[in-house]
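Hi everyone, thanks for coming. I'll show you the structure I've been looking at, and then we'll walk through a couple of its parts.

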Amino acid sequence: MPTDEITVNLLLKIMNNSLEVMKANEKYLTHLDAEIGDADHGINMVRGFSLVKNRLSSLTNPNIGTILNTVGMSLLESVGGAAGPLYGMFYIKGSEPTRGKTEINKKDLAALLEAGLKGIQTIGGGAVPGEKTMVDALDPAVKAVKESINNDGITFMMALEKATEAAKEGMKKTIPLIAKKGRASYLGERSIGHQDPGATSSYLLLQTMLDTLNGKIGLEVTKFGTDGSIIEEMYI
Amino acid sequence: MGQSLIGIVIVTHSQKLAEGVKELAEQMVRGKVPIACAGGVSDVIGTDATLIKRAIDEVYSEDGVLILVDFGSAVLSSRVAITLIEPEKRDKILIADAPLVEGTFVAAVEASIDKSLLEVKKAAEDSKNLKKV
């Protein structure tokens with residue numbers, strides 16, 4: 001159902017759903033990471049969000065800031081590859097503008113996504129779009145939400161839809177790129193023709209947020225086949 | 001000049017590797033230099049910024065800390081770890097662009113003879129030029 005903001009309960013639901021989405025797409029993410037990385041992105045994200053779910057279930061008096069911080073710290077402690085510090089930093093920095101808040105509105109969403117993106121760029125050698133990383137999905141998403149802030153004609157849900165669509169486009173645009181960062185950068189031209197796993201998981205996390213807020217019955221999970229085509233849409 | 005207390009943190013994707021490197025360095029300095037390990041992620045291969053932060057806290061002093069890394073996400077995780085430390089301490093924690101084993105070895109030796117943090121870092125980084133064969 002449409003909403004103007006993400007409440008604490010909705011955010012917890014989004015994080016739990018994120019685990020289900022990572023599980024459903026584990027093989028796909030692993031496949032992408034096997035092409036241009038070390039084939040552990042799928043299992044890393046599942047392990048990470050499993051610990052997230054665990055820690056969130058015992059979080060007392062949660063607010064938006066403490067939830068996001070807990071997500072970030074959990075990912076730091078459980079995700080072994082580069083996704084650990086990168087996503088960890090994303091959520092930890094994203095928690096800062098939302099400290100003590102009990103809901104996320106359009107402006108908060110822009111602030112937290114931007115803080116998260118900047119956090120990634122600070123520790124990740126200043127990655128910019130075009131280098132075949134998660135930034136290729138996140139940067140356009142941040143821009144889309146920021147553009148909507150001063151436009152009262154764009155509702156919260158519309159802003160999130162635009163951000164998710166922008167992330168999806170950014171993810172697809174990584175396919176022809178040469179990797180400039182991370183282990184994929186060692187492959188040089190051989191990285192061309194493969195979609196970046198980090199950009200893919202970033203898009204999936206935003207899509208999960210959107211789907212959860214749309215109140216889809218149970219959770220519709222998109223399962224991708226190894227060639228990127230959607231092979232299954234299932235309800236949990 | 002008082003005795004330097006520069007601490008060394010060894011960051012690797014493998015817990016065993018970190019402990020092994022520490023063992024080698026200890027042979028040279030025998031406890032004179034605080035050395036802490038931060039290898040692996042809960043028994044699997046990977047790096048963990050929270051573990052690294054704990055290691056930094058363990059060996060931190062006003063003389064500073066030098067972090068030695070194996071590769072890749074060890075650098076990312078170390079950078080995140082530094083952001084988790086109190087702001088006034090961050091400038092005194094440096095990551096060496098050095099080979100893991102040789103860099104740790106050299107850093108420990110230099111720290112044990114009271115070199116400054118920057119001198120220790122430079123010596124560790126110069127170790128990439130040491131001829132082996």
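I'll start with where the two chains meet and then move on to a sheet in chain B. Just keep in mind that this is a predicted model.

Okay, so where do the chains touch? On one side we have 15 residues of chain A, and they are in contact with 15 residues of chain B. Now look at the chain A side of that. Two helices, α4 (64–78) and α5 (83–95) of chain A, each supply at least two of the residues there. Which one gives the most? That's α5(A), with 5 residues. And if you sort the residues on this side of chain A by character, you get 7 nonpolar, 6 polar and 2 charged.

Right, on to the sheet in chain B. This is an open sheet of 4 strands, and if you read across it, the order is β2-β1-β3-β4, with parallel pairing. Which strands stand at the edges? Those are β2 (35–39) and β4 (93–95) of chain B. Each of these has a single partner strand, so one side of each is left without a neighbour in the sheet. The sheet also twists: going from one strand to the next, the average is 20 degrees.

Let's zoom in on one pair. Strand β1 of chain B, residues 7–12, runs parallel to β3 of chain B, residues 65–69, and 5 bridges join them. If you want a spot to find on screen, look for B:G7, which stands opposite B:V65 in β3(B).

Last stop: helix α6 of chain B, residues 117–126. This helix lies across β3 and β4 of chain B, and it runs at about 15 degrees to β3(B).

Definitions and conventions:
Residues numbered from 1 in each chain as written. Chains lettered and ligands numbered in written order. Predicted model: local features only at pLDDT ≥ 70, side-chain atom pairs only at ≥ 80, totals over all residues. Contact = placed C-beta atoms within 7 Å. Nonpolar A, V, L, I, M, F, W, Y, C, P; charged D, E, K, R; others polar. Pairing = 2+ DSSP bridges. Axes fitted to C-alpha atoms, helices over the stretch in contact; angles between N-to-C directions.
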